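Reader: Please take one part of this model and go through it closely. Then set it against the rest of the chain.

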Amino acid sequence: MRFFSKMLRYFSGVMYAAGSFLRIVRLKFLYPGMDIDFKTTIEKNCQIICIKGGQLKIKKSKISYGTSIVVDTGAFIEITQSFIGRNCVIVSKESVVINKNCLIAEMVVIRDQDHIIDNSTDFFIQKFDTAKVILEENVWIASKATVLKGVSVGKYATVAASAVVTKNIPPYEIWGGVPAKFIKCRESV
């Protein structure tokens, strides 16, 4: 029985890896502005869109089930050696950079834009106010947190669950709340 169990686990792992490989190959054919290495794992039901003129780079990362990543025309997203949890949303109209060893829990939203509400123009022609989002190395974003435009999160910083980050977070600090505020400092690593 143990032999059968080990073989079943082995073959399911092989099928999992093959599925991720095929998803990456498909994305590379669909979107020429996309650079995803084969050390990256993309789980099922992810929606990854790179609109013509956008650039997406994913290196040695894991993109979990149900995540949505959208890169607009002229925009840029880079994810390096990080974990993106289930059902996250990452949208860029300018630039989103997620550096090495970041842990992003499930249902996190990262956006580099806000709508500009202008009653003088048609609803469907609304414009956006954009600013870069940068997550430095070893950042941890807890579940259901939101990181808004123009935010830089310093290395080894932590964002608490359900927080809305509207300001820059210095390195080694823990922030939480709506809007996110300083809670305490982490010990240096």
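Author: Two strands pair if DSSP finds at least two bridges between them. Strands (E, at least two residues) and helices (H or I, at least four residues) are DSSP runs, numbered from the N terminus. The model is predicted, so local features need pLDDT of at least 70 and side-chain atom pairs count only at pLDDT 80 or more, while totals for chains, interfaces and linings use all residues. Residues are numbered from 1 along each chain as its sequence is written, and side-chain values use heavy atoms, with hydrogens and water left out.

The part chosen is strand S3. Strands S3 and S6 pair in the parallel sense over four bridges, and Cys50 has Val71 in S6 as its bridge partner. In a regular strand the side chains alternate between the two faces of the sheet. In S3, Ile48 and Cys50 make up the covered face, and Gln47 and Ile49 the uncovered one.

Strand S3 (47–50) and strand S6 (68–71) are among the elements that give two or more residues to the largest nonpolar core. Such a core is a set of buried Ala, Val, Leu, Ile, Met, Phe, Trp, Tyr and Cys residues joined through side-chain atoms within 4.5 Å; buried means under 20% relative accessible area, exposed over 50%, and partly exposed in between (1.4 Å probe, protein chains only). This core has 40 residues, and Ile98 is one of those that touch the most other members. Leaving aside neighbours within four places in sequence, Ile98 is in contact (heavy atoms within 4.5 Å) with residues including Ile79, Ile90, Ile104, Ile110 and Leu135.

Another buried residue is Thr158, in strand S19 (residues 158–159). Thr158 counts as buried because its relative accessible area is 8%. With neighbours within four places in sequence set aside, its contacts are Trp140, Glu173, Ile174, Trp175 and Arg186.

Helix H1 (2–30) also gives two or more residues to the largest core. Tyr10 lies in this helix and counts as exposed because its relative accessibility is 52%.

As for the whole, the protein chain has one helix and 22 strands. Its C-alpha trace spans about 65 × 45 × 20 Å along the principal axes. Of its 189 residues, 39% count as buried. Among contacts between residues at least 6 apart in sequence, 16% join residues at least 24 apart.
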